[in-house]
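Welcome, and thanks for taking a look at this one with me. Here are some notes to read alongside the model, starting with a single residue and working outwards.

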Amino acid sequence: MLGLQLPTDPRWVNIVEKNVEEILTDHAFCEQKAASTAISFIVTYPEYTELVQEMTALVKEEISHFKMVHDRIIERGWTLGRDRKDLYVNKLMQFFPKGGSRITNLVHRLLYAALIEARSCERFRLLSEELEDKELALFYKNLMVSEANHYTMFLGFARKYGDRQEVDKKWKALLDHEAEIMKDLSKSETIHG
């Protein structure tokens with residue numbers, strides 16, 4: 001369903017289990033960045049009413065997810081650590097050339113967002129099925145459903161605002177690029193890395 005070309009190695013969960021505090025901190029910042037991305041779409045593309053409506057709802061959802069993750073950090077007696085660079089996102093966002101028309105930039109941003117959400121969904125599924133911590137596994141199972149909806153929403157908007165054939169071609173190329181990135185990742189306790 002997600003279209004990912006290279007699944008995460010299930011052994012990644014073993015890395016996560018050795019440092020749950022780190023994955024929760026990284027996850028919290030991923031949710032915060034997702035909310036910021038939604039706000040950015042609203043600020044940059046206010047003329048797309050349907051997009052603005054959906055992004056407004058997404059901001060609320062993502063910030064509530066941030067709170068849910070932050071609450072789990074607190075419940076475990078930890079504090080939110082500092083944000084780290086997301087190597088996965090930084091490499092991913094180098095794929096499309098800079099410049100181009102306003103609509104081209106919108107489509108590219110929507111495709112990036114769709115793929116980040118798809119990979120998050122895939123990782124959440126893996127955590128929900130493989131974590132020994134059953135409370136945390138259930139938490140990730142519930143989040144997985146939201147992430148799947150986000151992925152399809154972003155991809156749907158890209159197809160709506162761009163030329164469908166061109167968007168699908170770009171999506172396929174981006175998926176291939178992401179698979180290459182993933183070959184060097186899955187070695188740290190981060191949501192994407």
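1. Let's begin with E122, which sits in helix α5. Please keep in mind throughout that this is a predicted model. Is E122 buried or exposed? E122 has a relative accessible area of 6%, and because the cut-off for buried is under 20%, E122 counts as buried. Its side chain has a polar partner: the side chain of T8, at 2.6 Å.

2. Helix α5 turns up again at the largest pocket, which holds about 420 Å³ of space. There are 23 residues in its lining, and those closest to the centre are K33, A34, T37, V89 and I116. Which helices each supply at least two residues of this lining? They are α2 (20–44), α3 (49–75), α4 (87–92), α5 (102–130) and α6 (134–161). Sorted by class, the lining has 11 nonpolar, seven charged and five polar residues.

3. Now follow helix α3, one of the contributors to that lining. Its 27 residues reach 39 Å from the first C-alpha to the last, close to the 39 Å expected at 1.5 Å a residue. Which residues of α3 are buried? The list runs L51, V52, M55, L58, V59, E62, H65, F66, V69, R72 and I73. As you trace them, it helps to know that an α-helix has 3.6 residues a turn, so residues three or four places apart point the same way. The cover over the buried residues of α3 includes α2, α5 and α6. Just after this helix, have a look at G77, which takes a positive phi of about 85°.

4. A57 is also in helix α3, but it is not on the buried list: at 40% relative accessibility it counts as partly exposed. That label applies because 40% falls between the cut-offs of under 20% for buried and over 50% for exposed. For a sense of distance, the C-alpha atoms of A57 and V16 are separated by 30 Å, with their positions 41 residues apart along the chain.

5. Next comes A158, in helix α6. How much relative accessible area does A158 have? The value is 0%, so A158 is buried. Apart from neighbours within four places in sequence, A158 is in contact with V107, L110, L111 and V167. V167 is itself one of the buried residues of α7. L24, by comparison, lies 134 residues from A158 in sequence and 30 Å from it in space, C-alpha to C-alpha.

6. That brings us to helix α7 (residues 164–182), whose 19 residues reach 26 Å from first C-alpha to last, close to the 27 Å expected at 1.5 Å a residue. Its buried residues are V167, K170, W171, L174, L175, E178, A179, I181 and M182. What covers them includes α4, α5 and α6.

7. Finally, L175 of helix α7 is worth a closer look. L175 is buried, with a relative accessible area of 5%. Where does G3 lie with respect to L175? Although 172 residues apart in sequence, G3 and L175 are 7.4 Å apart in space, C-alpha to C-alpha. G3 is also a contact of L175, along with L4, Q5 and L115, once neighbours within four places in sequence are left aside.

Notes:
Residues are numbered from 1 along each chain as its sequence is written. This is a predicted model: local features need pLDDT of at least 70, side-chain atom pairs count only at pLDDT 80 or more; totals for chains, interfaces and linings use all residues. Side-chain values use heavy atoms; hydrogens and water are left out. On a 1 Å grid over the protein atoms alone, a cavity is a set of points where a 1.4 Å probe fits but cannot get out, and a pocket is an open set with protein on both sides within 12 Å along at least five of seven lines; lining residues have an atom within 4 Å of a point. Grid points are joined across faces, edges and corners, and a volume is the space filled by probe spheres set on the points. Helices (H or I, at least four residues) and strands (E, at least two) are DSSP runs, numbered from the N terminus. Ala, Val, Leu, Ile, Met, Phe, Trp, Tyr, Cys and Pro count as nonpolar, Asp, Glu, Lys and Arg as charged, and the others, Gly among them, as polar. Buried means under 20% relative accessible area, exposed over 50%, partly exposed in between (1.4 Å probe, protein chains only). A polar contact is a pair of N or O atoms within 3.5 Å; within protein, one must be able to donate a hydrogen and the other to accept it, and residues adjacent in sequence count only if both atoms are side-chain atoms. The expected span of a helix is 1.5 Å times one less than its number of residues. Contact means heavy atoms within 4.5 Å.
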